[in-house]
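Reader: Please take a close look at one part of this model, and then connect that part to the chains around it. I would like each term to come with its cut-offs.

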Amino acid sequence: MSWEILAVLAIPLAGGALLALVGDRRWAPEANVALSIGTFVAAGTLTARVVRTGPFLAFREQFFVDPLNVFLVALTAFVALTTAMFSRPYMRVEEDHGRITPGRLRLYHSMYQLFVFTMLLVLLTNNMGIVWVATEAATLTTVLLISLYRTPASLEAAWKYFILCGVGIAQALFGTILLYMAAQKILGGGIEALLWTHLAGVRSQLEPTVLSIAFVFLLVGYGTKVGLVPLHNWLPDAHAEGPTPVSAVLSGLLLNVALYALVRCKVLADGALGTPFAGQLMMGFGIASVVTAAFFLLRQRDIKRLFAYSSIEHMGLITFAFGMGGPVASFAGLLHMTVHSLTKSAIFFAVGHAVQKTGTQVMADIRGLARVSPTVGWGLMIGTIAILGLPPFGVFASEFLILTSAMRQQPWATPLLLVALGVGFAAVFRQIQPMVFGDPEGRFAPVQLPYRPALAPVFVHYALVLSLGLYVPPYLADWYREAARLIG
Amino acid sequence: MSFSWAGAIAQATELVLAVLLAPLLLGWVNQCRAWLQGKGGPGVLLPYRVLRKLLVKDAIVAHGASPLFRVVPYVLFGAMCMAAAIVPTLGTDLPYAPAADAIALVGILALARVALALAAMDIGTAFGSLGARREMLIGFLAEPALLMVLFTAALISQTTSLATAVETLSQRELAIYPSLAFAGVAFTMVSLAENARIPVDNPATHLELTMIHEAMVLEYSGRHLALVEWAAALKLFVYSCIGIALFFPFGIARGGEALGLLYALPALVAKLAIGGALLALIETVSAKMRIFRAPEFLGTAFMLAVLALLVHTFLEAA
Amino acid sequence: MSALLTPALVGQIINLFAAVLLLVSFAMLAQRRILSLIDLFAAQGLVLALSTAFVAWATGQTHLYWSAGLTLALKVLLVPWILHRLIRRLQVKWDVETLINIPTTMLVGLVLVILAFNLAQPVSELAGTVTRGTLGIALASVLLAFLMMITRSKAVPQLIGFLAMENSLFFAATAATYGMPMVVELGIALDVLVGVVILGVFFFQIRERFDSLDIHHLEQLKEE
């Protein structure tokens, strides 16, 4: 019996139901923030419990908490909170500008909380079938969020998102069925055969052929939601056309959660196969994503699409790291998940405000942000520097670790990664630098907004990323190492 | 090749029966169709009266016709008789059994089709070429489908000899073979196409837009036309018998048991009657397709036949 | 009662269900009209429910009865009803346009079926159920539904293709593992229902914006 798990899940679920009724009131954004605070506090107590007493199962083994997923739970709750804080004035401005109606605001708030609920469910459940159900539910909650503005482009983005992710997820369902089939022979029928803890216990006895086919399907399925090339087509559109808070949680949270599901499957596959097959597949997809995204970065005109491709690049890097395996690479992967999530969501916050002030998403039309609104401009600049892997930010540390392990374990990949990261760096910096430091032009000159933008979340995130880059506290390092050990 | 008297009698009986009964089958189908449409109908013996009428009339041949034109009706009729001899309708111990290969059967039917198409183009009229081209289009697609159906049956019975195949199929215990169900549907579709029935071709129309078979025989008259019409009726009979032999082989005499032959005859008549009524039903409830849809229709039949093959290979032989 | 059925007969009846399912999947691929497509989808659900109930009866796995009931209620009654209502309100009745013509689609479908059978062969030998031979057919139906999704240019048939894919996956689950645990199945059913509802809403949005449900309107976002 764990009331922490109950709280972590019940608060967003109840919040979603509540906001479905009252999400258009004037105080709805504040209610959203309050609910997120509640979730975060619950996540904090859950983390404290795990740190104190170690991993545990709850509710007849249906829920499982260990260092790997609890840190993701904490991260998810934290980013959900800061995004809710950011979205408070942001959505008010959008409503003011006439881009959304109060009815849609209701939809937005309730879907936001439900989305957080589904992601936490994926993280906390022990049942591989429920992992699938919750991932699909996460897709469903965000479909209507992406099309919130009802523009033709956003409708298209939402449709593509639904179809591509839906088809991908269906493959994951088949993989889950195959997994269940292999498990049934050892663990018997019934629900135990789908519980990850049991599966991990007997993973060396699972049938290798079935597991290898199952893993391929699971990789394709969950990999679609991670945004691995070539299944990434939905990602740039979804980020560009949806409201900025949605882009932030998609990049910052959903991709992580999908990768988490994939990593859990990889553990099972590794145990069953005994060969590095699963890891090699992940490395392949990871490198393909990094390289492809880097070259796409060169051609982007829209700022949100630019950072969407950057997300693809980074998730590819993390997938590559997890594919490599080993304590250092896994540690680096986990660290990178954290810092990427924080940095990317902060960048999207800054981008959101920049877009609101200038009224356009086209990069060539935005100039001189630092001049007119220094906080937004510098927010964007610092974020760009951070995400591109410059020291002393955390991204540098994790990228460095990944590259050094690659040099040791997979030397063929290192030049590819270096080139891709370099190309990406040039592509992004080339665009952002004039946006922040140029002359504010006439037509799209930044204007004042009716509500003061919440930029505190941006800098809080950056501070965290900076501190992680300079100094990872020992308890945190131990925690990562523990989680890395679980990945193998 | 074992020669048994019973077998020879069965063979001769089958051939004579086919030739005599084919117009009756045609008449029965047309009568059923008329009844389904609420009309009185011309009676089941109409085709016989038509044949008699045509046989006493003079055969007019166009000026530019080559000898091919005169010979084709006989070739057609002969091919159909041979086909009728190959298909086991009453018994399976036929002297022709070793040569009665499913592939040979398809070849004979193809020969008939080609002969008629050539004759249609022989005179050089527009309708003839039109009909010939359309017929070849249908045939091009229907033949693979028919082959696939026969292959499915051949795979199940491990032989392409039709007589042996029928014997094997009639001997197996009651089992549900989905592959045969698919093959049956495919075969029905192919028969509809090959015999120029609705929904592929209207046997009663003479509109340029819609004719296929009728366009090819437009130039024939007198005894030539009689033979051509008889051959068409025989073709329908042969197809029905193939269907019955492959999918409903109960009642066909095994080997050359004389008693079995006596029992087989009423069984055959009954099955043909039911089959004819069903054909009339299909024709009544379907509308004729545009000719451009015919490839789709036959493509579906081909696909079903291949599916039957696949299903058999993967589900039943495993 | 179950003693009436010899194992061979049980296997054959299940094969029959699987073959009919495959046939319905192909029929959906070849279907031009949307109303018939929805009816075929309902038929597919019915075949699914019947086969699940039969497996339940033949093997004594009573939880499959609940599964079959759920499938019947959701996929044969509720979802087609929602779709019919959606079509009526959207006033969508035209023929489905396809991106490649139907005979070619069928040929590609055949190739996919062969592929699926080959892929499933090693796996089905390892399953422990009486229905394992039909895993290949389930996978083939999934691929056919997928083919249907990518060769249609209107939104509603793509949705139906998606739902048909879920149906086939469900059949695969029944074939390989006697169905998933109830809680998972309920979750999946909920997902399907919510998905259909959400998409219904979404279609109205598309319709509102474009006055049409042609997917070609939704192809403007491309890489520059």
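**The end of a helix in chain C, and its surroundings**

Author: Gly60(C) follows helix 2 of chain C and has a positive phi, near 80°; helices here are DSSP runs of H or I with at least four residues, strands are runs of E with at least two, and both are numbered from the N terminus. This is a predicted model, in which local features need a pLDDT of at least 70 and side-chain atom pairs count only at pLDDT 80 or more, whereas totals for chains, interfaces and linings use all residues. Residues are numbered from 1 along each chain as its sequence is written, while chains are lettered from A and ligands numbered from 1 in the order in which they are written.

Helix 2 of chain C covers residues 34–59, and because a helix is expected to span 1.5 Å times one less than its number of residues, its 26 residues should reach 38 Å, which agrees with the 37 Å between its end C-alpha atoms. The chain around this helix has seven helices and zero strands, so that, by the DSSP runs, the order from the N terminus reads α-α-α-α-α-α-α. Of the 224 residues of chain C, 50% are buried, a residue being buried if 20 or more other C-beta atoms lie within 10 Å of its own, exposed if 12 or fewer do, and partly exposed in between, with C-beta atoms placed from the backbone. Two residues are in contact when their C-beta atoms, placed from the backbone, lie within 7 Å; among the contacts in chain C between residues at least 6 apart in sequence, 73% join residues at least 24 apart.

Turning to the partners, chain C meets chain B through 18 residues from chain C and 18 residues from chain B. On the chain C side of that contact, helix 1 (7–30) and helix 4 (102–126) each supply at least two residues, with helix 1 of chain C giving the most, nine residues. This side of chain C holds 14 nonpolar, four polar and no charged residues, where Ala, Val, Leu, Ile, Met, Phe, Trp, Tyr, Cys and Pro count as nonpolar, Asp, Glu, Lys and Arg as charged, and the others, Gly among them, as polar.

Of the two pairs of chains that touch, chains A and C share the most contacts, with 42 residues of chain A meeting 39 residues of chain C. Helix 5 (128–146), helix 6 (152–187) and helix 8 (208–226) of chain A each supply at least two residues of the side facing chain C, and helix 6 of chain A has the largest share, 20 residues. By class, that side of chain A divides into 26 nonpolar, eight polar and eight charged residues. Chain A and chain B, by contrast, are joined by no contact, and their closest C-alpha atoms lie 19 Å apart.

The largest nonpolar core, meaning a set of buried Ala, Val, Leu, Ile, Met, Phe, Trp, Tyr and Cys residues joined through C-beta atoms within 7 Å, has 373 residues, and those touching the most other members are Leu178(A), Ala145(B), Val149(B), Ala186(B), Ala305(B) and Ala172(C). Helix 6 of chain A contributes the largest share of this core, 23 residues. Val149(B), leaving out residues up to four places away in sequence, touches Ala183(B), Ala186(B), Phe187(B), Val190(B) and Ala305(B).

Chain A itself has 19 helices and two strands, and 63% of its 488 residues count as buried. Helix 4 of chain A is mostly covered, with 19 of its 23 residues buried. In helix 10 (residues 244–273) of chain A lies Cys265(A), which counts as buried because it has 27 C-beta neighbours inside 10 Å. Apart from neighbours within four places in sequence, Cys265(A) is in contact with Phe215(A) and Leu218(A).

As for confidence, pLDDT is the predictor's confidence in each residue, from 0 to 100, and chain A averages 86, with 98% of the residues scoring at least 70. Within chain A, the mean is lowest in helix 14 (residues 369–372), at 78, and highest in helix 12 (residues 303–324), at 92.
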